[in-house]
Protein chains: 2
Amino acid sequence: MAEGHRSGCPINLSLEVFGDKWSLLILRDMIFGGRRHFRELLTKSDEGIASNILASRMKRLVETGMLTKADDPSHKQKAIYSLTEASIQLVPIMAALGTWGTRWLDVSEELSIRARLLTDGGEELWDRFMEELRAEQLGKKITPAPDGKSVRERLQEAYLEVVAAQQAS
Amino acid sequence: MAEGHRSGCPINLSLEVFGDKWSLLILRDMIFGGRRHFRELLTKSDEGIASNILASRMKRLVETGMLTKADDPSHKQKAIYSLTEASIQLVPIMAALGTWGTRWLDVSEELSIRARLLTDGGEELWDRFMEELRAEQLGKKITPAPDGKSVRERLQEAYLEVVAAQQAS
């Protein structure tokens, strides 16, 4: 019984799909970083994921329906990965993880500003972000944000402001 | 670089604390099942956790401040484990995981009824549940629920009703 056995508990089954650390970090980078190519996910990883781990996790994420893979029309011989409705709906889980980590752990200011904004924005902001991800990754038509900036752009701007302030001080 | 390196991202740091599957399942059983002794966690585990894995994860959860361990005044030679404020605040993450799993995976009816009730109850129910956990595990005084039933009792009753209906059909 060293490996245990499966149960039909939704928490347990969710963890079987994306509950290893690297899978969730890959999905984080696709959701918040907008990364869609293998090479970007590899070279821009804050945690320095190894290419064999990235390859095995991407394969499994496609198999479990969390990602789709297609030829990139703009780059010959390059594959482009897309989030699915299932992985887009991880936004509230990512927000809850970010809220908890920012409250309890020794996070860095620049890497936690996005979590703080997501916490403060609440469900309304998460819903808006998920709509934008559906437009970007699934081709769904949506009405643009009133101020013309996407949620990801706003999160990214806040991140760059913190980094700039750190470099100036 | 096979192991990668750390980053100060709150999602990454959170996963380092409780992001292995077994740690989160142990915390689930303590939160929703009210289990506080090693033996209960071992023998009642729906996933059949192995005792060496349970022992190593309990040790680490104490070290990272997610649990405390004390002598049980009512059982000689037995240790009792308590949740901490940090692990009690996992309730919204557990609820988000349960919501997602129930929506996307092939969960069993009896093991998902609690997740459905938590989803439907929203933040108000999670806050009430966390208050009850603080009373039970941290000795905090709270006002009893108006109907005299705790959130865990209500979740447990719903679970037993589904099991009874399945056995009758």
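**Note on the predicted two-chain model**

1. The two chains meet over a shared interface: 44 residues of chain B are in contact with 44 residues of chain A. The structure is a predicted model, and the points below should be read accordingly.

2. On the side of chain B that touches chain A, at least two residues each come from α1 (10-18), α2 (21-33), α6 (91-104) and α7 (109-138) of chain B. The most is given by α6(B), which supplies eleven residues to this side. Sorted by class, the residues of chain B on this side comprise 25 nonpolar, 14 polar and five charged.

3. The next point concerns symmetry. Two copies of a chain are related by a rotation about an axis and a shift along it. Here, a turn of 180 degrees with a shift of 0.0 Å along the axis lays chain B on chain A with an RMSD of 0.0 Å. This is the relation of a two-fold axis. The same surface serves both copies, since 100% of the contact residues of chain B recur in chain A.

4. One helix pair illustrates the contact between the chains. The axes of α6 (residues 91-104) of chain A and α1(B) come within 8 Å and cross at roughly 80 degrees. Because angles of 65 to 115 degrees count as roughly perpendicular, α6(A) is roughly perpendicular to α1(B). From α6(A), the contact involves M94(A), L97(A), G98(A), W100(A), G101(A) and T102(A), while α1(B) contributes P10(B), I11(B), L13(B) and S14(B). In this contact of α6(A) with α1(B), six residues are nonpolar, four are polar and none is charged.

5. Which residues touch the most other members of the largest nonpolar core? They are I31(A), I93(A), I31(B) and I93(B), in a core of 76 residues. For I31(B), leaving aside neighbours within four places in sequence, the contacts are L83(B), L90(B), V91(B), M94(B) and L133(B).

6. Is S87(A) buried or exposed? The residue belongs to helix α5 (residues 85-88) of chain A. A residue is buried if 20 or more other C-beta atoms lie within 10 Å of its own; S87(A) has 25 other C-beta atoms within 10 Å and is therefore buried. Apart from neighbours within four places in sequence, S87(A) is in contact with L27(A), M66(A) and L67(A).

7. A final remark links S87(A) to the helix pair of point 4. T102(A), one of the residues of α6(A) in the contact with α1(B), is 15 residues from S87(A) along the chain, and the C-alpha atoms of S87(A) and T102(A) are separated by 22 Å.

Conventions
Residues numbered from 1 in each chain as written. Chains lettered and ligands numbered in written order. Predicted model: local features only at pLDDT ≥ 70, side-chain atom pairs only at ≥ 80, totals over all residues. Least-squares fit on C-alpha atoms with pLDDT ≥ 70 in both. Contact = placed C-beta atoms within 7 Å. Helix = DSSP H or I, 4+ residues; strand = E, 2+ residues; numbered from the N terminus. Nonpolar A, V, L, I, M, F, W, Y, C, P; charged D, E, K, R; others polar. Core = buried A, V, L, I, M, F, W, Y, C linked by C-beta atoms within 7 Å. Buried ≥ 20, exposed ≤ 12 C-beta atoms within 10 Å, placed from the backbone. Axes fitted to C-alpha atoms, helices over the stretch in contact; angles between N-to-C directions. Parallel < 35°, antiparallel > 145°, perpendicular 65-115°, else oblique.
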